[in-house]
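Hi,

Here is the structure I promised to pass on. Have a look at it, and then read my notes underneath.

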Amino acid sequence: MVTTAISAAIIVFTLLILVCGVRFAKKREFFEDYFSVSQTQSIKGMCALLILLSHICMYLADTYFTLYAFKYMGAIMVAGFFFVSGYGLQYGLMNKNDYLKGFFSKRMLSIAVPFYIINIFYIVTNNMDFQNILISLTGFNLWFVMAIAIFYIGFYICGKLFVSNRQPIAMTVFVVLYIIIMNLCGLGLWWTNSCLAFAAGIWVCYGKDAFTRFFQKQYFLKTLIMFIIFALSYVYYSHHNNDRTLPVFIITVINTTSFALLLMVLSMKIQLGNMVLRFLGKMSLELYLTHALWITWLRMGFWYNLAPTHLDKDEVYLVCIIAGTVVMSVLVHTVSGLILNILLRKPHKSIEKKAEL
């Protein structure tokens, strides 16, 4: 009875967080600034929340059956992060003077500082040997950080070497080469199956006016077609998730990229926005980096060794994962802001607008 109630509560609270404060455009109208900072912040909050639930599903779905609804959402939500990041970088390049000046100090540090703060906890609490410490410090334990850092480097290089109309092409080639190289290295498919969304974000921003005009004509028909593509590829991916074949990989990339594009299209008519989503979006990077630690700590690591009896209870485990992730994310976000304030010598408030992840 208790597990059924908790299962229902997971769905109810998730839906409330996502739909509370939603705004809809009037009939035959579209939101003018439909992919604003406020909207992308809320999208990042949504992605962070659903990634957390997707990873919790791996451990607790047998107890709380509604978690199965989030089982295969991880890759598409990471694609949402990549899309927003690519879009934000391209927007800055196109609309801000000398955008690439100081690019590494502003963008790379905003990733590196929270990553290494969290990595300190990861290394200390796992009693790692020297070799694994080196692997951890390079980002192999948190693949997303390595991937986004590589894409930032590629974006900077392409922005410096190519004129504006060739830069998106060059960056797309860079992302495709990353995907090919990582697959040839035999790394997990999660390293690459959502990455094309980064290039998609760049292209959509570069051609936003044309993109907007195209979808505003016969909006519902074109949106329905995109949704069908996403839904069919999602069903195929979820049924062949463990198959390491080229067709499965291609369809997975179609699935993740179509989801990212669908976020943009739906934003024309639907705007997310409430204080919880904005709060989650503001700390999306920290939430992404910390939740895996708590999932591990509470069942087979640091905290479990302190209170194993209580943490064997799934309801305690679930609450502690969520509470620990949120509290640690707030602390890391605050400390990161202070450190960045010192490193960049800017007022603390200016640091809050971190890289679009």
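Below is what I found, going from the overall picture to one pair of helices.

Before anything else, keep in mind that this is a predicted model.

The whole protein: there are 17 helices and 2 strands. The chain has 357 residues, and a compact globule of that length would have a radius of gyration near 21 Å; the protein comes out at 20 Å, so the two agree. If you draw a box along the principal axes, the C-alpha atoms fill roughly 60 × 45 × 45 Å. Buried residues account for 50% of the 357. As for contacts with a separation of 6 or more, 77% of them join residues 24 or more positions apart.

The helix pair: take a look at α3 (residues 74–95) and α6 (residues 143–161). Their axes come within 12 Å and cross at roughly 25 degrees. An angle under 35 degrees counts as roughly parallel, so that is how α3 and α6 lie to each other. The crossing of α3 past α6 is right-handed.

Which residues in the two helices meet? On the α3 side they are V78, F81, F82, S85, L89, Q90 and L93, and from α6 come W143, F144, A147, I148, F151, Y152 and F155. Sorted by class, this contact has 12 nonpolar residues and 2 polar ones, with no charged residues.

If you want to start somewhere in the viewer, put α3 and α6 on screen together and pick out F81, F82, F144 and F151, which are among the residues in that contact.

Cheers

Notes. Residues numbered from 1 in each chain as written. Predicted model: local features only at pLDDT ≥ 70, side-chain atom pairs only at ≥ 80, totals over all residues. Heavy atoms only, no water. Axes fitted to C-alpha atoms, helices over the stretch in contact; angles between N-to-C directions. Helix = DSSP H or I, 4+ residues; strand = E, 2+ residues; numbered from the N terminus. Parallel < 35°, antiparallel > 145°, perpendicular 65-115°, else oblique. Left-handed = near helix turned anticlockwise from the far one by under 90°. Contact = heavy atoms within 4.5 Å. Nonpolar A, V, L, I, M, F, W, Y, C, P; charged D, E, K, R; others polar. Rg over C-alpha atoms; globule rule 2.2 N^0.38 Å. Buried < 20%, exposed > 50% of the residue type's maximum accessible area, 1.4 Å probe, protein only.
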